[in-house]
Amino acid sequence: MPRVSIIMTSYNKPKFVGKAIEGVLNQTFTDFELLLMDDNSNEETQEVIRPYLIDKRIKYYQSNIQEISERVKKVRYAVLINEAIVKSKGEFISYATDDNIYRPTRIEKMIRYLEEHPNSNIVYSASKTSHIDKYENVLKEVIRPAKQVQWLASCVIDHCSIMHRKAILQDVYDKWGSYWDENPEFYRVGDARFFWRLNHFWPFHPLNEELDDNYITETSIHHQLFAQEKNKFVEQLPPQRTCTELREYLRTYQRGGME
Ligand code: TYD
Ligand code: MG
């Protein structure tokens with residue numbers, strides 16, 4: 001039984017997905033399974049992925065989604081992650097995307113943290129986000145620190161910067177009927193929405209070291225949403241819910257809870 005399940009979602013990032021997979025395979029902690037959830041990427045991307053599949057720790061799944069109209073019905077990465085959670089065998093869960101590169105000691109350090117802090121259920125690390133253009137020139141870099149116990153994780157902690165005990169997911173499922181929220185109004189902030197759910201119960205504990213590198217590329221959902229010319233994918237998405245809304249709700253929720 002692998003100690004940790006790493007869930008990576010992938011869709012059409014041929015330039016990055018190989019580096020993302022290598023970031024996982026190069027971990028100093030080796031007892032993991034990598035659930036590689038591909039959302040029916042183009043052939044170019046699948047060609048990059050294929051050679052890595054000889055590593056038995058990788059479990060590869062591919063969806064059969066075809067049309068854009070199907071992609072906008074649900075938050076696709078949430079759907080894939082929910083499927084992966086059901087298949088996962090690890091005591092701990094860690095999330096990855098096809099445009100994020102884990103630094104080599106990430107898993108080792110996060111597992112050690114959770115072992116040494118049996119009352120903490122979720123750990124997060126600092127991370128570096130780079131916005132890059134199509135030539136891979138870095139346009140902007142932002143470091144997200146991990147300094148405080150965080151009860152407002154939405155939009156201040158990244159998708160790929162956390163690890164949690166798998167056992168806690170039952171409470172999330174019991175309250176909302178799913179793990180990650182598949183409602184397409186949360187396409188832009190799907191991780192923030194999941195963290196919002198977690199923060200109803202538990203805070204995120206800091207491990208203040210940069211343990212992953214995140215890339216915002218020209219094909220990122222985030223980038224597409226803010227582009228001048230809206231493409232078909234963005235045109236068909238429903239209006240997107242916001243970080244502000246999630247954070248405001250949590251502030252009130254906690255005040256209510258503490259009174
Ligand atoms: P990404 O484009 O990286 O968006 P962001 O701006 O939020 O970084 O997409 C996030 C993840 O979602 C990524 O791993 C790819 C996955 N994804 C799918 O699985 N299916 C899809 O149809 C889309 C658009 C994305
Ligand atoms: Mg991304």
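The exercises below, each with a worked solution, concern a predicted model with a ligand.

Residues are numbered from 1 along each chain as its sequence is written, and chains are lettered from A and ligands numbered from 1 in the order in which they are written. Local features need pLDDT of at least 70, side-chain atom pairs count only at pLDDT 80 or more, totals for chains, interfaces and linings use all residues, and side-chain values use heavy atoms, with hydrogens and water left out.

**Exercise 1.** Describe the shell around ligand 1.

Step 1. Count the residues near the ligand (a heavy atom within 4 Å). The shell holds 18 residues, and the closest are Thr9, Lys13, Asp39, Asp99 and His222.

Step 2. Assign them to helices (DSSP H or I, at least four residues) and strands (E, at least two), numbered from the N terminus. Strand E1 (4-10), helix H4 (76-87) and helix H8 (221-226) each supply at least two residues. H4 gives the largest share, three residues.

Step 3. Sort by class: Ala, Val, Leu, Ile, Met, Phe, Trp, Tyr, Cys and Pro are nonpolar, Asp, Glu, Lys and Arg charged, the others, Gly among them, polar. The shell has six nonpolar, six polar and six charged residues.

**Exercise 2.** Find polar contacts of ligand 1 (N or O atom pairs within 3.5 Å) and state how much of ligand 1 is buried.

Step 1. Take the side chains. A polar atom of Lys13 is 2.9 Å from a ligand oxygen, and an N or O atom of Asp98 lies 3.0 Å from an oxygen atom of ligand 1.

Step 2. Take the backbone. An N or O atom of His222 is 2.7 Å from a ligand oxygen.

Step 3. Compute the accessible area (Shrake-Rupley, 1.4 Å probe). Ligand 1 taken alone exposes 540 Å², of which the protein buries 89%.

**Exercise 3.** Describe the two largest pockets.

Step 1. Define a pocket: on a 1 Å grid over the protein atoms alone, an open set of points where a 1.4 Å probe fits, with protein on both sides within 12 Å along at least five of seven lines; lining residues have an atom within 4 Å of a point.

Step 2. Take the largest. Ligand 1 occupies this pocket, whose volume is about 1100 Å³. Of its 40 lining residues, Tyr77, Asp99, Ser220, Ile221 and His222 lie nearest the centre. The lining has 16 nonpolar, 14 polar and 10 charged residues.

Step 3. Take the second largest. Its volume is about 180 Å³. Lys13, Phe16, Ile132 and Glu218 are among its lining residues, which divide into three nonpolar, three polar and six charged.

**Exercise 4.** Locate Asn40 and Cys155 and give the phi of each.

Step 1. Asn40 lies in the loop between strand E2 (32-38) and helix H2 (43-49), with phi near 65°.

Step 2. Cys155 is in the loop between E7 and strand E8 (162-165), with phi near 70°.

Step 3. Compare with the general rule. Most residues other than glycine have a negative phi.

Terms used
A polar contact is a pair of N or O atoms within 3.5 Å; within protein, one must be able to donate a hydrogen and the other to accept it, and residues adjacent in sequence count only if both atoms are side-chain atoms. A molecule sits in a cavity or pocket if more than half of its atoms lie within 2 Å of its grid points. Grid points are joined across faces, edges and corners, and a volume is the space filled by probe spheres set on the points.
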